[in-house]
Amino acid sequence: VFANIVRAPEDPILGVTVAYNKDSSPHKLNLGVGAYRTEEGKPLVLNVVRRAEQMLVNDSSRVKEYLPIVGLADFNKLSAKLIFGADSPAIQENRVTTVQCLSGTGSLRVGAEFLARHYHQLVIYIPNPTWGNHTKIFGLAGLSVKAYRYYDPSTRGLDFQGLLEDLGAAPSGSIVLLHACAHNPTGVDPTIEQWEQIRQLMRSKGLLPFFDSAYQGFASGSLDADAGSVRMFVADGGECLAAQSYAKNMGLYGERVGALSIVCKKADVASRVESQLKLVIRPMYSNPPIHGASIVATILKDRDMYNEWTVELKAMADRIISMRQQLFDALSARGTPGDWSHIIKQIGMFTFTGLNTEQVAFMTKEYHIYMTSDGRISMAGLSSRTVPHLTDAIHAAVTR
Ligand code: PMP
């Protein structure tokens with residue numbers, strides 16, 4: 001019965017790793033997938049995560065029962081505090097409902113399904129460009145997906161005018177997907193002043209903000225600073241949604257741990273919203289896994305462990321920032337034609353290099369360097385040892 005199934009293409013991001021794994025060159029370099037690597041090119045498990053896991057293993061009172069549909073209560077409370085701030089009035093007034101979901105992706109999907117069932121305006125605006133999965137997540141949930149201008153290739157920065165025009169022209173009530181910080185793939189974020197203008201415009205038009213927060217702490221090294229955009233919107237008392245991921249900032253990629261929060265105007269509304277979120281979740285996966293959420297809760301509720309985490313997180317953010325500088329310096333020293341200052345201006349895990357599809361294909365073929373075809377490179381996949389090889393490849397690609 002499945003004889004006529006057509007082969008689907010590889011995922012544009014995860015497919016890069018598939019191709020990388022098949023390459024036998026000793027010089028191969030994977031800058032495709034957004035996962036942190038050490039200076040030695042190895043995946044990193046944070047010490048504080050190891051410590052939390054050890055505590056969980058040694059605690060014989062812990063069992064493997066099902067979690068509630070909405071997940072681990074402590075985890076949900078602490079996750080809301082982490083993103084909205086410990087003193088957030090929305091939390092104190094019980095206007096926030098938070099449900100544990102399967103990392104950032106699952107949180108976005110649950111939010112999307114909820115909106116598709118219960119929100120009156122079934123249109124979502126996503127930035128152009130954006131993380132490739134956004135289009136599919138929201139489209140498959142039944143929302144109509146439209147784009148707003150975001151990136152200006154000529155400046156390799158924000159197309160702020162275009163953004164304001166497109167959101168200004170969006171039908172009233174439309175949902176707007178915003179990257180809380182460290183925009184993927186461009187590494188371009190609005191300034192605080194620009195965020196404030198975006199907020200005013202969106203509130204005046206009744207547009208509903210849906211924040212995707214996959215990199216809190218990873219952009220600047222400060223958890224509070226990286227949540228600034230979200231907190232600005234919550235501070236005005238209006239509604240918003242936020243999808244959090246602990247994949248990057250705690251290195252819990254494969255544990256699939258994240259949270260969806262919906263901020264409402266009143267406590268009883270939040271409680272009714274939560275009852276409907278349960279109806280979304282139950283037939284999808286029943287209830288979320290316990291291990292990753294227990295690790296996060298253990299770390300977030302203990303002051304020492306929390307502090308240890310922030311130090312390790314800052315070290316990851318700093319290594320990425322230092323890679324930006326090293327690559328920029330190497331291209332400058334090499335005299336590679338073009339303005340490469342965007343490498344040090346952009347924020348977060350990725351640099352949107354400006355290299356085109358042919359240049360990317362050339363670098364993969366001749367230099368065994370793997371990245372997405374839009375020219376996005378993961379700075380976290382780079383090290384002092386590999387900067388010269390990447391510099392050679394970029395130089396050769398732009399001077400061919
Ligand atoms: N949103 C953005 C912008 C991302 O970059 C990612 C990870 N690449 C995610 C969401 C979701 O990741 P995860 O499901 O692994 O938490």
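Helices (H or I, at least four residues) and strands (E, at least two) are DSSP runs, numbered from the N terminus. Residues are numbered from 1 along each chain, in the order in which its sequence is written. The model shown here is predicted: local features need pLDDT of at least 70, side-chain atom pairs count only at pLDDT 80 or more, and totals for chains, interfaces and linings use all residues.

**View 1. Asn94 sits in the loop between helix H4 (89-92) and S2.** Here is a small backbone detail to start with: Asn94 has a phi near 55°, which is positive although the residue is not glycine. Most residues other than glycine have a negative phi, and most peptide bonds are trans.

**View 2. Two cis peptide bonds come next: Asn128 to Pro129, and Asn184 to Pro185.** In the Asn128 to Pro129 bond, omega is near 0°. Pro129 belongs to the loop between S3 and H6. The bond that joins Asn184 and Pro185 has an omega of about 15°, and Pro185 lies in the loop between strand S7 (175-179) and helix H8 (192-205).

**View 3. Seven strands form an open sheet with mixed pairing.** Follow the order S2-S10-S9-S8-S7-S3-S4 across the sheet; two strands pair if DSSP finds at least two bridges between them. Strand S2 (96-101) and strand S4 (144-149) stand at the edges with a single partner strand each, so one side of each has no neighbour in the sheet. From one strand to the next, the twist averages 25°; axes are lines fitted to C-alpha atoms, for helices over the stretch in contact, and angles run from 0 to 180 degrees between N-to-C directions.

**View 4. Strands S8 and S9 run parallel, with helix H3 packed on the sheet.** Strand S8 (residues 208-213) pairs with strand S9 (residues 240-245) over four bridges. Look for Asp212, which stands opposite Ala243 in S9. Helix H3 (residues 73-84) touches S2, S8, S9 and strand S10 (258-263), and its direction makes about 115° with that of S2.

**View 5. A right-handed crossover links S3 to S4.** Strand S3 (residues 123-128) and S4 are parallel partners over six bridges, and Pro127 stands opposite Tyr148 in S4. Between these strands the chain passes through helix H6 (residues 133-140), making a β-α-β crossover. Right-handed means that, with the strands pointing away from the viewer, the path from the first strand over the helix to the second runs clockwise.

**View 6. Residues gather around the ligand, among them Gly34, Trp131 and His179.** A residue is near a molecule if its C-beta atom, placed from the backbone, lies within 6 Å of it. Asn184 and Asp212 also belong to this group. Helix H5 (residues 103-118) gives the most to the shell, with three residues. The shell has three nonpolar, eight polar and one charged residues; Ala, Val, Leu, Ile, Met, Phe, Trp, Tyr, Cys and Pro count as nonpolar, Asp, Glu, Lys and Arg as charged, and the others, Gly among them, as polar.

**View 7. Domain 1 (14-44 + 315-399) meets domain 2 (73-301).** These bounds come from an automatic or database domain assignment. In the contact between them, 18 residues of domain 1 touch 19 residues of domain 2, where contact means C-beta atoms, placed from the backbone, within 7 Å. Helix H13 (303-334) and strand S11 (350-352) are the elements that give two or more residues to the domain 1 side.

Terms used: Two residues are in contact if their C-beta atoms, placed from the backbone, lie within 7 Å.
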